[in-house]
Amino acid sequence: MPNHTITSVKGFRAAAMHCGIKASGKPDLALLVSDIPAAAAAVFTQNKIVGAPIIVGRRHLHPKNGGVLRACITNSGCANVCTGQRGIDDALEMCGLTADTLAQLTGDEIPIRQVLPFSTGVIGHFVPMDKIRHGIPQLAAQLSDSQQAGEAYATGILTTDLVTKTAHATVTLNGVRITIAGNCKGSGMIAPNMATMLAYIATDAAISPKLLAKILPHIAAESFNCVSVDQHTSTSDTFVVMANGLANNRIITTAPAIKKFSAALLEVADSLAQQIAKDGEGATKLVTVLVTGAKSKPDAKRAAFAIANSPLCKTAIHGGDPNWGRFVSAAGYSSAAMNLAKTACSINNIPVFKNGEPTSTDLALVEKQMHSKHIHITLDLGMSKNPANSHHVYTCDLSRDYITINADYHT
């Protein structure tokens, strides 16, 4: 079976281990390393309350530092959020320990700013640095480009996730095959605004940090920022891309090459985004909401998120209730412009509402579709024929298990 994990990308190695943060004994420390300095860019949460790793990460990837990374170090089980100066010092120490350990192993000089820190878990607790100090050298010694190492890395970044999330794609640029692969974690506290979502994508493409930074916000907008599990934007969300150029392609500069590379990058990010929604806390169904025919794209986005975030819509979906009136009315309160006489709604391509009236569709057929594992809700606002005035959102149903998971999360 071919390796489609993050270590399938030329020049990237990974490792994960249990260093003692999680009482469960599951992996809680993970490391991703490029064999050579990689062009890098990231987008971070827009929550005003941010974790110490976000503060440090923004500094390390500030344009004045050149947009270059060698490694990402992640601890799970503790978010290092609302921890003051001590939290910032701890995040910096994690980077320093990683840089120093890798320098000893490789003989390279690795500046601390070339390490990006990540922490995920409970807010308001200090990171147990004694365990991390002991763990990082052991972790670095396990670095490998094997499929097993890639799978371990995907596990080491998780918190309440039930499954690992991995995506892989290849694209040929000027006759050279480029590999793109990534992992993410996220199950609850998901409403990205850039998002506890952490995402890492590695590629062997040659591209400048400046161009990568220009491309990335669009990729995030069309993938991770289209996910909502519970409307709660995390304090720790980070999406990073590292490109080490070891595919030896001609550096990406032309419009056709940019378009082709961006499409492949989006393919990976979009797959990861859908996997987050599918694995939402307590989720039993993946839901795609597509709003079309809006007066503008912002209107389409408002309407799509209104449907995706509505507890009434999400509970109807969980119960398999073909109550399409909830979907239409959610769009109605979103402030998006609508022409009711031309509005239409369908569920898994079955029309249930058209031109302001219910269709003659047998709701028993719709109810059967509502029990599917992947439900597509499409709503046309009747304001435009412009296909650009549309927006999609990935979400999930709202189950009793979601309440149980989050009522007991801290304890």
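**Figure 1. Salt bridge between Arg-302 and Asp-299 in the predicted model.** In this predicted model, the side chains of Arg-302 and Asp-299 form a salt bridge with an N to O distance of 2.4 Å. Both residues belong to helix α7, where they are three residues apart, about one turn of the helix. Arg-302 is partly exposed, with a relative accessibility of 38%. Asp-299, by contrast, has a relative accessibility of 7% and therefore counts as buried, the limit being under 20%.

**Figure 2. Salt bridge between Glu-222 and Lys-297.** A further salt bridge that involves helix α7 pairs Glu-222 with Lys-297. The closest N and O atoms of this pair are 3.9 Å apart, a distance that satisfies the criterion of within 4 Å. Glu-222 is located in the loop between α5 (209-221) and β8 (238-243), whereas Lys-297 is in helix α7. The two residues are 75 residues apart, and the pair links distant parts of the chain. Glu-222 counts as buried, at 18% relative accessibility, while Lys-297 is partly exposed, at 33%.

**Figure 3. Packing of helix α7 against helix α9.** Helix α7 (residues 297-309) packs with helix α9 (residues 324-332) at an angle of about 135°, and the two axes are 8 Å apart. The arrangement is therefore oblique, because the angle falls outside the ranges that count as roughly parallel, roughly perpendicular or roughly antiparallel, the last of which requires over 145 degrees. The crossing of the two helices is right-handed. Helix α7 contributes Ala-303, Ala-306 and Ile-307 to the contact, and helix α9 contributes Phe-327, Ala-330 and Ala-331. By class, this contact comprises six nonpolar residues, with no polar and no charged ones.

**Figure 4. Salt bridge between Glu-93 and Arg-133.** The side chains of Glu-93 and Arg-133 meet in a salt bridge, with N to O at 2.5 Å. Glu-93 belongs to helix α2 (residues 84-106) and Arg-133 to helix α3 (residues 129-141), so this pair ties together parts of the structure that are 40 residues apart in sequence. Both partners are partly exposed: Glu-93 has a relative accessible area of 25%, and Arg-133 has a relative accessibility of 41%.

**Figure 5. Salt-bridge network of Asp-161, Lys-165 and Asp-279.** Asp-161, Lys-165 and Asp-279 are joined into one network by salt bridges that share partners. Across the whole structure, the search finds eight salt bridges.

Methods: Residues numbered from 1 in each chain as written. Predicted model: local features only at pLDDT ≥ 70, side-chain atom pairs only at ≥ 80, totals over all residues. Heavy atoms only, no water. Axes fitted to C-alpha atoms, helices over the stretch in contact; angles between N-to-C directions. Helix = DSSP H or I, 4+ residues; strand = E, 2+ residues; numbered from the N terminus. Parallel < 35°, antiparallel > 145°, perpendicular 65-115°, else oblique. Left-handed = near helix turned anticlockwise from the far one by under 90°. Contact = heavy atoms within 4.5 Å. Nonpolar A, V, L, I, M, F, W, Y, C, P; charged D, E, K, R; others polar. Buried < 20%, exposed > 50% of the residue type's maximum accessible area, 1.4 Å probe, protein only.
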